[in-house]
Amino acid sequence: MSFAYVSVSVPVLASVSPASGPPGGGTAVTLTGTGLATATAVRFGSTPATSFTVVSDTHITAVAPAGTGTVQVTVTTAGGTSNGVSYTYALTPTLSGIIPNQGPTSGGNTVTLTGTNFTGTTAVTFGTTPATSFTVVSPTQITAVVPAATPGPVGVTVTTPGGAATLPSAYFYVSTPVLTGVAPPSGPLSGGNTVTLTGVHLVEATAVRFGATPATTFTVVSDSQITAVVPAGAAGLVGVTVTTAGGTSNPVTYTYLPAPVVTTVVPNQGPTAGGITLTLTGTHLAQATKVLIGPDPAGFTVVSDTHLVVDALPGVVGPVDVIVTTPGGTSAPNSYTRVAPPGI
């Protein structure tokens, strides 16, 4: 009887993909190399693979067993045992916090995730939506750009070769604030008056601005109302906005008004019985809300921004002040004199 001796080459491994997985095992990997067709064993360190399948002389698929640290994966055939290629049992990540923990439904803002074992992170998700982008800063920190979503809380998940960590309801999508009105809609250049802003989604307000100028102070009354003290400003229109974690609202118009100026009262004297009409000329009179003759309010009609017609009131003999009030302030007093009727 004769025997034939067949020379079998020692297998050679070139790579394992993926090159890492969780300590609990179960990861399906692909081994590439040469001389693999007759494989009788695949080991991760000294531990046999949970299972393996020879695909071809250059490929084997295997299921990683449980393990720790970095181990050498080898293949054994009749020709011997291959060189080792490194496979790392990655630690399971933990997720402990996210700052800031709220933002607009449009996304686009950057948050910082803190935790452990972030090295090799493959995904960051907000609910079921992947982050727009993310950067692993260190094993304990990730920065991520938040994707868009609907209002409400979502869990945040970090996935690494070692597994996944989820922080439930960790991030809150906040609706963009909407303003519907400001009352009163005008006031003096000096500011200092209080206005009420109405709208929706106002409860998280962090800023109220008149144009580019912050309100002197503001108070969130409810999700639909804010009171604010107006800062000083220049004459004209400005947009009032509210900013929350959800973004900045649409503007509503507020008007800074100069104080009224009265230059003449014609006639500047009349009977104690009243009953005559006075014409007041000046500037910034169109928004007049009150005209006083002495201490008493008089009836009036706005003719234009430079003219008011006022009903003279009865009163005692002597001079009294005529004063016009608008949302922009109060005019300097002008004199009107009541004259006694002639004696007989």
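In the predicted model, one aromatic cluster is formed by Phe 44, Tyr 87 and Tyr 89. Aromatic pairing recurs elsewhere, the structure holding six aromatic pairs in total. One of these joins Phe 126 and Tyr 171 in an edge-to-face arrangement, with a centre-to-centre distance of 5.5 Å and an angle of 80° between the planes. The two residues of this pair come from distant parts of the chain, 45 residues apart, with Phe 126 placed in strand 14 (residues 123-126) and Tyr 171 in strand 19 (residues 163-174). Both Phe 126 and Tyr 171 are buried.

An edge-to-face geometry is also assigned to Phe 210 and Tyr 254, because their ring centres lie 5.4 Å apart and their planes meet at 85°, an angle that falls in the range over 60 degrees required for this class. Since Phe 210 belongs to strand 23 (residues 207-210) and Tyr 254 to strand 29 (residues 252-257), the pair ties together parts of the chain that are 44 residues apart in sequence. Phe 210 has a relative accessible area of 3% and is therefore buried, and Tyr 254, with a value of 0%, is likewise buried; the cut-off for this assignment is under 20%.

Strand 13 (residues 110-116) shows an alternation of its side chains, in which Val 111, Leu 113 and Gly 115 are buried and point to one face, whereas Thr 110, Thr 112, Thr 114 and Thr 116 point to the other face and are not buried. Such alternation between the two faces of the sheet is what a regular strand shows in general. Strand 13 is joined to strand 11 (residues 94-99) by five bridges, the two strands running antiparallel, and within this pairing Leu 113 is the bridge partner of Ile 98. Strand 13 is also joined by five bridges to strand 17 (residues 141-145), again in antiparallel orientation, and here Thr 110 has Val 145 as its bridge partner.

A separate description applies to an open sheet of four strands, which follow the order 1-3-7-6 with antiparallel pairing. Strand 1 (12-17) and strand 6 (51-56) occupy the edges of this sheet, and because each has a single partner strand, one side of each remains without a neighbour in the sheet. On average, and with direction ignored, neighbouring strands of this sheet are turned by 25° against each other. At the edge formed by strand 6, five bridges connect this strand to strand 7 (residues 59-63), the two running antiparallel, and Ser 56 stands opposite His 59 of strand 7.

Definitions and conventions: Residues numbered from 1 in each chain as written. Predicted model: local features only at pLDDT ≥ 70, side-chain atom pairs only at ≥ 80, totals over all residues. Heavy atoms only, no water. Phe/Tyr/Trp six-rings, centres within 6.5 Å; stacked < 30°, edge-to-face > 60°. Buried < 20%, exposed > 50% of the residue type's maximum accessible area, 1.4 Å probe, protein only. Pairing = 2+ DSSP bridges. Axes fitted to C-alpha atoms, helices over the stretch in contact; angles between N-to-C directions.
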